[in-house]
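Student: Hello! Could you show me the structure and walk me through it?

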Amino acid sequence: MSDAARDIVRNNVRDKLARGEVVASMTVRLARSIEIARIAKSAGFDTIYVDVEHSSLSLETTGQICIAAMEIGIAPFVRVPSTRPEHVSRALDAGALGVIAPHIRSAAEARAVVASAKFPPHGGRSTGGGLPHLHYRSFPAAEANAAMNEATIVVVQFETADAIERAEEIAGVEGVDMVLIGTNDLLADMGIPGQYEHGRVREAYARTIAACRKHGKHVGVGGLASRPALAAEFVKMGARYVSTGTDLTFLLAESTARAKQVHSIALS
C-alpha cells in the first residue's frame, strides 16, 4: 500500500488527455446501482458521468456509482444540477473525480465552479476529511489537498451562443480543464434546433477548439450520439472527449432492435 496520497487517487481521464488520446464517455441517467460502472468498464468506456441535472438520481445513489467506478479504474464525473457550491462540492465529496458544470456563460461563472471544486490554494472547497478517493485514510491537509486538486477535473459546458462568444476568456480561467459543448442546447439557443449540420455548429466547435488549444485546455463533444461522423470530424479538429449517449438510450435502442427482430420473423 502506497503512503502517498497522489498514488492512491488517480484519474485515468486526465492521464489519457495528457497523452493526447480520445476519451469515450457514457452518461448514466437510468441505472440506480453500481453494476452500471462495471458494465461501462466491460464495454470499453474510459469514464462515466452521472447526470444529476436531467435525472432524479439521488446524491446517495450517485456517490455509490462514483465510488464503484473509481475502484475499477474509470473516472466518475457528475453533471451537477446547478453550479451552486453545495452541488459541486457534495458531488465531489461523494466520490466524483470531476464535475460537469452546465450553462456556463462567463469567465466569472467558470471561476466560481473552480472555487467550489478545488481545495486551497486553488479554490475554497471545504475540507471534510475521510474522502473515498483516498480510501478514507488521513493525510496531512497540504498533501491531501494537492493530490485531490491534481486528480479533480473541472468541465464547463457551453450551451449558448453567449458562451461561444466568450470562449477564449472562459477557456483562460485557471482551474478549468475542459469545455464540453452541449450541442442540442446550443442549437436550441441559436434558434436552429436539430440542425446538426448547420455551419454555425462547425464554427462554434472551431472557435472553442482554438480557444482551448491556446490556453492548454481540452474540448468535449456532447449531444452528437446520433451523428457519429460529425463527432469524429470534431475529434479530428482537436476535440478529445466524446459523450456517446445515455444508458437509457442504449437500452432502448437495443431492446427495440430485438423486439423488431422477433416481430419480423416470417411464419411461413
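Student: Are Asp-51 and Arg-79 buried or exposed?

Tutor: Good place to start! This is a predicted model, in which local features need pLDDT of at least 70, side-chain atom pairs count only at pLDDT 80 or more, and totals for chains, interfaces and linings use all residues. Residues are numbered from 1 along each chain as its sequence is written, and side-chain values use heavy atoms, with hydrogens and water left out. Relative accessible area (1.4 Å probe, protein chains only) under 20% means buried, over 50% exposed, and in between partly exposed; by that scale both Asp-51 and Arg-79 are buried.

Student: What joins the side chains of Asp-51 and Arg-79, and at what N to O distance?

Tutor: Asp-51 lies in strand S2 and Arg-79 in strand S3 (residues 75-79), so the pair ties together parts that are 28 residues apart in sequence. Strands are DSSP runs of E with at least two residues, helices are runs of H or I with at least four, and both are numbered from the N terminus. A salt bridge needs a side-chain nitrogen of Lys or Arg within 4 Å of a carboxyl oxygen of Asp or Glu. The two side chains meet in a salt bridge, N to O, at 2.8 Å.

Student: With which residue does Arg-79 form a salt bridge at 3.4 Å?

Tutor: The partner is buried, as Arg-79 is. It sits in the loop between S2 and helix H4 (59-71), so the pair ties together parts that are 26 residues apart in sequence. With its closest N and O atoms 3.4 Å apart from those of Arg-79, the partner is Glu-53.

Student: Which residues lie closest to the centre of the largest pocket?

Tutor: A pocket is found on a 1 Å grid over the protein atoms alone, as an open set of points where a 1.4 Å probe fits, with protein on both sides within 12 Å along at least five of seven lines; lining residues have an atom within 4 Å of a point. The largest one has a volume of about 420 Å³, which is the space filled by probe spheres set on the points, joined across faces, edges and corners. Of its 23 lining residues, the closest to the centre are Tyr-49, Arg-79, Asn-184, Gly-222 and Gly-223.

Student: Which element gives the most to the lining of the largest pocket?

Tutor: Strand S2 (47-51), strand S6 (178-182), helix H10 (183-190) and strand S8 (241-246) each supply at least two lining residues. The lining divides into 4 nonpolar, 14 polar and 5 charged residues. With 4 residues, the element that gives the most is S8.

Student: What volume does the second largest pocket have?

Tutor: Its lining has 13 residues, and those nearest the centre are Thr-127, Gly-129, Gly-130, Phe-139 and Ala-144. By class, the lining holds 6 nonpolar, 6 polar and 1 charged residues. The space in this pocket comes to about 170 Å³.

Student: Which residue meets Arg-6 in a salt bridge?

Tutor: Arg-6 is partly exposed at 45% relative accessibility, and its partner is partly exposed too, at 39%. The two side chains meet at 3.2 Å, N to O, and the partner of Arg-6 is Glu-150. Arg-6 lies in helix H1 (residues 5-8), so this pair ties together parts that are 144 residues apart in sequence, the other part being helix H7, home of Glu-150.

Student: Is Met-148 buried or exposed?

Tutor: Met-148 is found in helix H7 (residues 141-151). Its relative accessibility is 1%, so Met-148 counts as buried.

Terms used
Ala, Val, Leu, Ile, Met, Phe, Trp, Tyr, Cys and Pro count as nonpolar, Asp, Glu, Lys and Arg as charged, and the others, Gly among them, as polar.
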